[in-house]
Amino acid sequence: MKFQQVYYVLDPESRILWVGGDWDDFALSNGGAGACSNRVLSTPLFQHVAGETTRRALARMIAAVRDLGQPLRLDYRCDSPTLSRRFQLTIQPMKDGRVLLVHDLRDARAFGARLPRWHSDASAAAQKCSFCGAVHLPRRGWNFAEDLGEYHPRAVEYVLCPGCTAQIDDAVTRLRKDGAPRSAATGGFGPVAD
Ligand SMILES: [Zn+2]
C-alpha cells in the first residue's frame with residue numbers, strides 16, 4: 001500500500017478502460033493480487049471494491065457525476081498498519097458516459113502504535129468504514145483506528161459508518177440539486193455515535 005496517485009477511466013457500464021499511476025499497489029491494498037493492472041482491463045470496477053455498501057455508495061457518486069456532467073470530490077482514509085493516510089478521490093465526467101477517477105495521497109502520518117495487519121472478511125464480527133477507517137466492534141461501537149492500536153481487529157467487514165453515509169448522501173443530494181461541483185470533505189470524515 002504505497003501508492004501516491006492512481007487514476008482510471010470507466011466506460012458507461014463502469015468497466016475499466018484504462019489505468020495509470022500506481023494501480024498495482026492500489027489494487028493490492030483493495031482487491032488482492034488478482035487485481036493487478038494487466039488483468040483488470042475490461043473488468044467491472046465494482047469487482048475490485050470490497051463491501052456491498054461501499055459499492056453502492058461509489059455507484060451513486062459515479063451515477064451523479066455522469067448524470068450531471070459535474071465532478072465530485074471526496075476525502076477518505078486508506079491506512080496501512082503504520083500510517084494514517086488521507087486521500088482525495090475526484091470523479092470527473094468525460095465524454096460519452098465515461099468517467100475518470102483519480103485517487104491522490106494528501107497526507108500520511110505514523111500511528112503512535114502500530115496496528116495489526118487486517119483483511120477483508122464479509123463474515124467478520126468487526127466492521128471497518130471504507131471511507132474513514134473507523135472500526136465498529138461488538139459492544140464498543142465506533143472507534144477511530146488510531147485509538148485501537150494493537151486492538152484493531154485482524155478481520156473486518158467493509159461497510160460505511162453513519163457519519164460517512166451522511167456525508168456521501170449530502171454530497172450526492174447537493175450535486176443533484178444544484179448541478180454544481182461539490183466537495184464531500186468540508187466537515188472532515190469520521191464516525192458518529194450510533
Ligand atoms: Zn466512516
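Cys164 counts as buried, at 0% relative accessibility, and I start with this residue in what is, I should say at once, a predicted model. Cys164 is one of the protein donors of the zinc ion, the others being Cys129, Cys132 and Cys161, each giving its SG atom and lying 2.3 Å from the metal. The angles among the 4 donor atoms run from 104 to 113 degrees, and the site is tetrahedral. For comparison, the ideal angle for four tetrahedral donors is 109.5 degrees.

In sequence, these donor residues are spaced C-x2-C-x28-C-x2-C. Cys129 lies in strand S7, residues 127-129, whereas Cys164 lies in helix H5, residues 162-178, so this pair ties together parts that are 35 residues apart in sequence. Cys129 is buried as well, with a relative accessible area of 2%, which is under the 20% cut-off.

From S7 we can move to the sheet that contains this strand, which is an open sheet of 5 strands in the order S6-S10-S7-S8-S9, with mixed pairing. Its edge strands are S6, residues 119-120, and S9, each of which pairs on one side only. At the S6 end, that strand pairs with S10, residues 155-159, in the parallel sense over 2 bridges, and Ser120 stands opposite Val156 in S10.

At the other edge, what does the side chain of Asn143 reach? Asn143 sits in strand S9, residues 141-143, and its side chain reaches the backbone oxygen of Gly141 at 2.9 Å, while also making a polar contact with the side chain of Arg140 at 3.5 Å. Leaving aside neighbours within four places in sequence, Asn143 is in contact with Ala134, Val135, Leu137 and Leu148. Asn143 is buried, because its relative accessible area of 12% falls under 20%.

Let me close with two residues whose backbone deserves a look on the screen. Arg139, in the loop between strand S8, residues 135-137, and S9, has a phi near 70 degrees, a positive value in a residue other than glycine. Ser14, in the loop between strand S1, residues 5-10, and strand S2, residues 16-21, likewise has a positive phi, near 65 degrees, and is again a residue other than glycine. Which of the two words, buried or exposed, fits each of them? Ser14 is buried, with a relative accessible area of 7%, whereas Arg139 is exposed, with a relative accessible area of 84%.

Notes: Residues are numbered from 1 along each chain as its sequence is written. This is a predicted model: local features need pLDDT of at least 70, side-chain atom pairs count only at pLDDT 80 or more; totals for chains, interfaces and linings use all residues. Side-chain values use heavy atoms; hydrogens and water are left out. Helices (H or I, at least four residues) and strands (E, at least two) are DSSP runs, numbered from the N terminus. Buried means under 20% relative accessible area, exposed over 50%, partly exposed in between (1.4 Å probe, protein chains only). A polar contact is a pair of N or O atoms within 3.5 Å; within protein, one must be able to donate a hydrogen and the other to accept it, and residues adjacent in sequence count only if both atoms are side-chain atoms. Contact means heavy atoms within 4.5 Å. Two strands pair if DSSP finds at least two bridges between them. Donors are N, O and S atoms within 2.8 Å of the metal (3.2 Å for Na, K and Ca); water is not among the atoms, so sites may look incomplete. Four donors count as tetrahedral if all angles lie between 85 and 135 degrees; four count as square planar and six as octahedral if opposite donors are over 155 degrees apart and all others between 65 and 115; anything else is irregular.
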